[in-house]
Amino acid sequence: MTSAGSTVEDAPATRFARRARAVIPGGVNSGQRSVPGLTDLVITRADGARFWDADGREFVDYHAAFGPPLLGHNDPEVAAAVAEAGRHADLCGVGVTPGEVELAETLAELVPSVEKVLLTSTGSEATFHALRVARAATGRRLVVKFQGCYHGWHDSVSLNVISAADRVGGKDPISTGILPEVLDATLVLPFNDVTAVRRTFAEHGADIAAVIVEPVPHNVGCLLPEQDFLQALRDETTRHGAVLVFDEVITGFRHALGGWQSISGITPDLTTMGKAIANGYPVGAIGGRADLMDLFSTRPGAPAFFAGTYNGHPAVVAAALATLAKLRREPVHEHVFALGDRIRAGLAEVFAELGVPSVVTGYGSVFVSYFMTGGVPRGYDDLLRNDVSMFVGYRRRLIGHGVFELPLNLKRSHVSYAHTEADADRLVEATRAAVKETLASGEV
Ligand code: PLP
């Protein structure tokens, strides 16, 4: 019993979580929202750099819903745009709206590879359609992806993300129920490995429809791409007539308004986007060369069929337009890049002081601390050296200090425009305490 006369079981979060588990498989609506040791996390509010749970606990949020709210949660301009959109129309499902036209023009203006663009509701749909149209354009079967990259939940790419050491180098599906012939049609290569790319094209070039890559594989924290690797992808796909797809669902708009392609100067044929475009509203987009995009048709049986009841939903389009306008108008990138640098420097200092071998890395607003020796990782193999018990252990303890980084192996963290220097310093100090507690626990 607590002093108020209630039991721990009476806590609102516990009650909701129990109800959730009774009617929602696993108690959550997306795979990695269920965090071991955190089954009773019931969120009731999010604003700026923070969220709150049903028991009234406040967290400074560095998880940021896997990346969308670059401006911070519930940005007032985005919220106002969505409310205003709701006063005009919900969804008619015929024709086009002025907002969709304006958004397509904006994306084409900002992202170097985008001549034409289609909206989806999620990033997974965008990557699905990218591979479909690549196969339609080339008449070929094979797709190349890289170990550690995640491109959504559909079968062709549902393999070899975070693999155990003994599964690297083989096919490692993230789900059962995928046809073996679908897995066979996806070749998995090591990231940043130019030799493997050249060898694969030499052997299978005539059968490769597409290469899909996260230009910065953030689904395993942060592997920075070597320029000659991205260049080799561009050169080999061009030489062999395959389609190069940059999956910029995370990097797009967060790292630069033009995505990683504007940073690297390497222009893919197709780009998939999502997350930060609409600051938390459900959006995805596929854009690229006009000749490829024109293969998408709204008629069944046309080269590549494309549809979606909610594509270009007025509320989502309004959120995207408001988000992009603010990203263009205000010093958002300057702010989040400076905070990212401050956090990375502060964390590196703390780990060094405590004698914990670490690599603090990331890019701009994204940061991650691996616990390993041997320098900055180049590929997924290097990440197998990460000390998982420290990585997960200190993040679990951070929660007790009111700071949230997702306590799952290799997950990245994000800073938003709403975070302040004081928030960043609080994260660093909370990390110091959480790492000390983890060392004292004897778990590592
Ligand atoms: N591509 C990348 C790089 C992602 O990180 C994700 C999601 O995390 C996706 C695609 C899939 O996007 P969604 O979850 O919106 O379907």
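Where is Ala-65 found? I looked this up at the start, in what is a predicted model. Ala-65 sits in the loop between strand E3 (58-61) and helix H2 (76-88).

**Entry: positive phi values**

I checked the backbone of Ala-65. Its phi is near 55°, a positive value in a residue other than glycine. I then counted neighbours. Ala-65 has 17 other C-beta atoms within 10 Å, so I noted this residue as partly exposed.

Asn-160 went on the page as well. Phi of Asn-160 is near 50°, again positive in a residue other than glycine. I placed Asn-160 in the loop between strand E5 (142-146) and helix H5 (180-184). Is Asn-160 buried or exposed? I found 25 C-beta neighbours inside 10 Å. The cut-off for buried is 20 or more, so Asn-160 counts as buried.

**Entry: the ligand shell**

Which residues come nearest to the ligand? I listed Thr-122, Gly-123, Ser-124, Gly-152 and Val-249, out of 15 residues around the ligand. I asked next which element gives the largest share of the shell. Helix H4 (residues 123-138) does, with 3 residues. I sorted the shell by class and got 4 nonpolar, 9 polar and 2 charged residues.

**Entry: H3 against H10**

I turned to helix packing. Helix H3 (residues 98-110) packs with helix H10 (residues 314-329) at an angle of about 40°. Their axes are 9 Å apart. Why do I call the pair oblique? Angles under 35 degrees count as roughly parallel, and roughly perpendicular runs from 65 to 115. The angle of about 40° falls in neither range, so H3 and H10 are oblique to each other. I recorded the crossing of H3 past H10 as left-handed.

I wrote down the contact residues. H3 brings Gly-99, Glu-100, Glu-102, Leu-103 and Thr-106. H10 brings Pro-314, Val-317, Ala-318, Ala-320, Leu-321 and Leu-324. By class, I have 7 nonpolar, 2 polar and 2 charged residues in this contact.

**Entry: H13 against H14**

At what angle do helix H13 (residues 388-400) and helix H14 (residues 421-441) cross? I read roughly 120°, with the axes coming within 8 Å. Roughly perpendicular stops at 115 and roughly antiparallel is over 145, so I noted H13 and H14 as oblique to each other. I marked this crossing as right-handed.

From H13, I listed Met-390, Gly-393, Tyr-394, Arg-397 and Leu-398. They meet Ala-430, Thr-431, Ala-434, Val-435, Glu-437, Thr-438 and Ser-441 in H14. The classes here come to 6 nonpolar, 4 polar and 2 charged.

**Entry: H6 against H7**

How are H6 and H7 oriented to each other? I took helix H6 (residues 194-204) and helix H7 (residues 227-240), which pack at an angle of about 10° with axes 9 Å apart. Angles under 35 degrees count as roughly parallel, so H6 and H7 are roughly parallel to each other.

I noted Val-194, Val-197, Arg-198 and Phe-201 on the H6 side. On the H7 side I have Asp-228, Phe-229, Ala-232, Leu-233, Glu-236 and His-240. This contact divides into 6 nonpolar, 1 polar and 3 charged residues.

**Entry: Leu-189**

I found Leu-189 in strand E6 (residues 186-189). Leu-189 has 19 other C-beta atoms within 10 Å, so I put this residue down as partly exposed. What does Leu-189 contact, leaving aside its neighbours within four places in sequence? I got Val-144, Phe-146, Ala-196, Val-197 and Thr-200. Val-197 also belongs to the contact of H6 with H7. I checked one C-alpha pair: Leu-189 and Ala-242 are 53 residues apart along the chain and separated by 16 Å.

**Entry: two loop residues**

Val-96 is in the loop between H2 and H3. Is Val-96 buried or exposed? I counted 10 C-beta neighbours inside 10 Å, so Val-96 counts as exposed. I read 44 Å between the C-alpha atoms of Val-96 and Ala-196, which are 100 residues apart along the chain.

I located Leu-384 in the loop between helix H12 (380-383) and H13. With 14 other C-beta atoms within 10 Å, Leu-384 is partly exposed. How far is Leu-384 from Arg-289 in space? I read 37 Å, C-alpha to C-alpha, with their positions 95 residues apart in sequence.

Methods. Residues are numbered from 1 along each chain as its sequence is written. This is a predicted model: local features need pLDDT of at least 70, side-chain atom pairs count only at pLDDT 80 or more; totals for chains, interfaces and linings use all residues. Axes are lines fitted to C-alpha atoms, for helices over the stretch in contact, and angles run from 0 to 180 degrees between N-to-C directions. Helices (H or I, at least four residues) and strands (E, at least two) are DSSP runs, numbered from the N terminus. A crossing is left-handed if the near helix is turned anticlockwise from the far one by less than a right angle, and right-handed if clockwise. Two residues are in contact if their C-beta atoms, placed from the backbone, lie within 7 Å. Ala, Val, Leu, Ile, Met, Phe, Trp, Tyr, Cys and Pro count as nonpolar, Asp, Glu, Lys and Arg as charged, and the others, Gly among them, as polar. A residue is near a molecule or strand if its C-beta atom, placed from the backbone, lies within 6 Å of it. A residue is buried if 20 or more other C-beta atoms lie within 10 Å of its own, exposed if 12 or fewer, and partly exposed in between; C-beta atoms are placed from the backbone.
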